[in-house]
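User: I'm new to reading protein structures and would like a close look at one single part. Could you pick out a helix and walk me through what surrounds it?

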Amino acid sequence: MHPPGISGNIMAVHLHPLPDELLTSWIVRLAQASGLKLQPYCDVTFGRERSIWTRDFDKSVRDDFLDEFSQLTGVSFDRVLGTTLRSYEGILYEHHNPHGNSKWILPLGVYHRTRRHAGLQYCPLCLAEDQIPYFRRKWRLAFYTVCDRHGMLMHERCAQCAAPVAFFRRELGDRHKFEIDSLTLCHVCGADLSRAEARDPSVGDVQPLIQLQSLASFFELGWIFCGSASFQYAHLFMDVLHRICNLLISLRGKSLLDLAACKMGFPPVEAVGNHQGFEYLPLRERHLLMMVGLWLLLDWPERFIHTCHDAHITSSRILADWSAPYWFASVLNELLGCGEYSPTAREASNAAMHLSHKHKEVTARSVGRLLGYRDAKAAECYRKPQCPPMTDEGAAEILATLDSKIQSMLQGSRKRLLLERDRTILLFLHNTKIPRERIRVITINEALRLTAEMGQDSLSNALSYYLFEVRPYFTRGEDNGKLFLATSGRAMCAEAFRLRFNLILAGNK
Ligand SMILES: [Zn+2]
Ligand SMILES: [Zn+2]
C-alpha cells in the first residue's frame, strides 16, 4: 500500500483547491508549500509507483486516488472530484472516457513527461490577476477559446517559444535547485505566461461571440440558452454543436463552412480535411469554427435550415451514423429533406484534390468513398415551412383568447376538452417550432422526450395536464400512442387538424 501522507493521515500543509483549479495544479502548489521538489513530494505522499506526470492525470485519475487524496487533504471527495475533468460528465458529454479521446477535452499528447499537443490553454490576464497563479479546469476545454472573465482570446502555447504549457516541469526539473518558481513561467524558455499579449477575439458578426461568452460562463449550470431556445440538459446542445464543428471541418461540410463564413464576413477557414477532429485543431481555427457553429444555431431552426439548403447539405449528411438528439433530428428530418445526399461537382473536385495531395489514386469510387456515399442520387425534398412562424406576442394573444374561452365553459364538457387539446397543440407548435404536419402525428413518447430536452416548465406542465386531464377523454379502445387524438380516438386527420388550426387563428381576429 502507499505510505501515508507526510504527517500521518492529514498533510502538514492545508491548501484547498482554488476556484475551478485543476487537480495537477493543486498538487504542484501543495508540493511547493511543503518545501519539497515535486517528484520527491509525490514519491513520499502517493508512493513511487504512482505515475502522475507521465499521463493525463486530470482526465484519467481513478477513484481510489481521489478517495485517498480527499482523506490526506481533508477536502471532501466531491470537491476533489470537482478538480478533475471527469466532473464534466453529464454536462458536456454523457459518458467520460478516461483513457481515450473525450468530446471537447483537449488532448495533451503525453509522451513521458513531455506534452506533444497544446492541451492546456491559459488567459494571461487571469494569471496576472491571480494572487496565487493557478491553472483552471475549463482551460482544458476545446470550445473555451475566449476567457469568460476578460473576454479575450485564450493562448495555448508560450507566446515566446511556442512550447505547450507544462507548468509542473520546472518543479520536476533540477533536484538540486530549491527556490520555488512561479507556475506561470514557461518550462522551456522561462518567459512569463502571465505577460503574454491580450488578444481581441472578434471576427465578423458579433452575435456568436456573445453566445460563446455566455456558453463559457454558464455551461456548468447544465442550462444552455441559444437565441430564444433553452436547453435543460446542456449535453444535448453540446452534442449537436460538436457534430456541427466536425461537419464543418470535413470535406462533406466544406460548402456549409464556406457559405457561413462568407455570410458572417470573414475569410474561409482552412481547417478542412482534419480527420482527427475538432479537439486537435489550433486555437484560432477552433475559435472560428465555434463562431460559425453558434452562428448557424442562432435563430434556430430558420438560419440553420436555410444555410444548409443553400449549401446543398441534406439531413442525411448531417445525421448519418449518429443518434442525434430529438430536438435537432426531428426538425432536420422535417425541413431539410431526408432524401439521399448527392455530392455536388464542387465537392467531388475538392475530394479529388485532397486525394491527389495525399498521393492516392483518384477514381470515381475513391472520391465517392471519401465523401462517404456509395450510391448517392440527387433527391432534394426540401420544402419551406407552410406558414410564417408565429411571433411570441401573436402566440400569447391567441393563448389568452383560448384561455378565457376555456374558463367560460363547463369543466369536462366536450367543447372545453376540444379547446384544451387545441391549446396544447398551439403551445407545442409555437414553443418547439416543429412543423404542423409533424406535430399532428407526434407520439406521447416523442413529446415527453422533446419537452425534457427543451426544459421549459410551461410546456412540461401543459403536457402533464393534457395527458392526465384531457387526452383520456379522447381515447377509444386500443391506445395508438399518438399525442393528439380526434374524438374518434384516432390520430387527427390532416384536414381536421388544418381546420381546427384555422379556427383557432380566426377566433383571435
Ligand atoms: Zn481571463
Ligand atoms: Zn517558452
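Analyst: In helix 14, the buried residues are W327, F328, S330, V331, L332, E334 and L335. Keep in mind that this is a predicted model. Helix 14 runs over residues 326-335, and with seven of its ten residues buried, this helix is mostly covered. There's a handy rule for reading a list like that: an α-helix has 3.6 residues a turn, so residues three or four places apart point the same way.

So what does the covering? For the buried residues of helix 14, the cover includes helix 9, helix 12 (302-310), helix 13 (315-319), helix 19 (436-440) and helix 20. Just past the end, helix 14 is followed by G337, which has a positive phi, near 80 degrees.

Two of those covering helices are worth a visit. Take helix 20 (residues 444-454), which packs against helix 21 (residues 457-470) with the axes 9 Å apart and at an angle of about 155 degrees. Roughly antiparallel counts as over 145 degrees, so helix 20 is roughly antiparallel to helix 21. The crossing of the two is left-handed. On the helix 20 side, the contact is made by I444, A447, T451 and M454, while helix 21 brings in L459, S460, L463 and L467. Sort those contact residues by type and you get six nonpolar, two polar and no charged.

Now for helix 9 (residues 234-248): this helix gives the largest nonpolar core its largest share, ten residues. That core has 112 residues, and the ones touching the most other members are Y122, L248, L289 and V292. As a general pattern, in soluble globular proteins nonpolar side chains tend to be buried together.

Another buried spot to look at is W295, which sits in helix 11 (residues 283-297). Why does W295 count as buried? Because 23 other C-beta atoms lie within 10 Å, and the cut-off is 20 or more. Setting aside its neighbours within four places in sequence, W295 is in contact with D205, Q207, P208, A260 and M264. The C-alpha atoms of W295 and A261 are 9.6 Å apart, although 34 residues separate the two along the chain.

Zooming out, the protein chain has 22 helices and four strands. Of its 509 residues, 39% count as buried. And among contacts in the chain with a separation of 6 or more, 67% come from residues 24 or more positions apart.

Note on methods
Residues numbered from 1 in each chain as written. Chains lettered and ligands numbered in written order. Predicted model: local features only at pLDDT ≥ 70, side-chain atom pairs only at ≥ 80, totals over all residues. Buried ≥ 20, exposed ≤ 12 C-beta atoms within 10 Å, placed from the backbone. Contact = placed C-beta atoms within 7 Å. Axes fitted to C-alpha atoms, helices over the stretch in contact; angles between N-to-C directions. Parallel < 35°, antiparallel > 145°, perpendicular 65-115°, else oblique. Left-handed = near helix turned anticlockwise from the far one by under 90°. Nonpolar A, V, L, I, M, F, W, Y, C, P; charged D, E, K, R; others polar. Core = buried A, V, L, I, M, F, W, Y, C linked by C-beta atoms within 7 Å.
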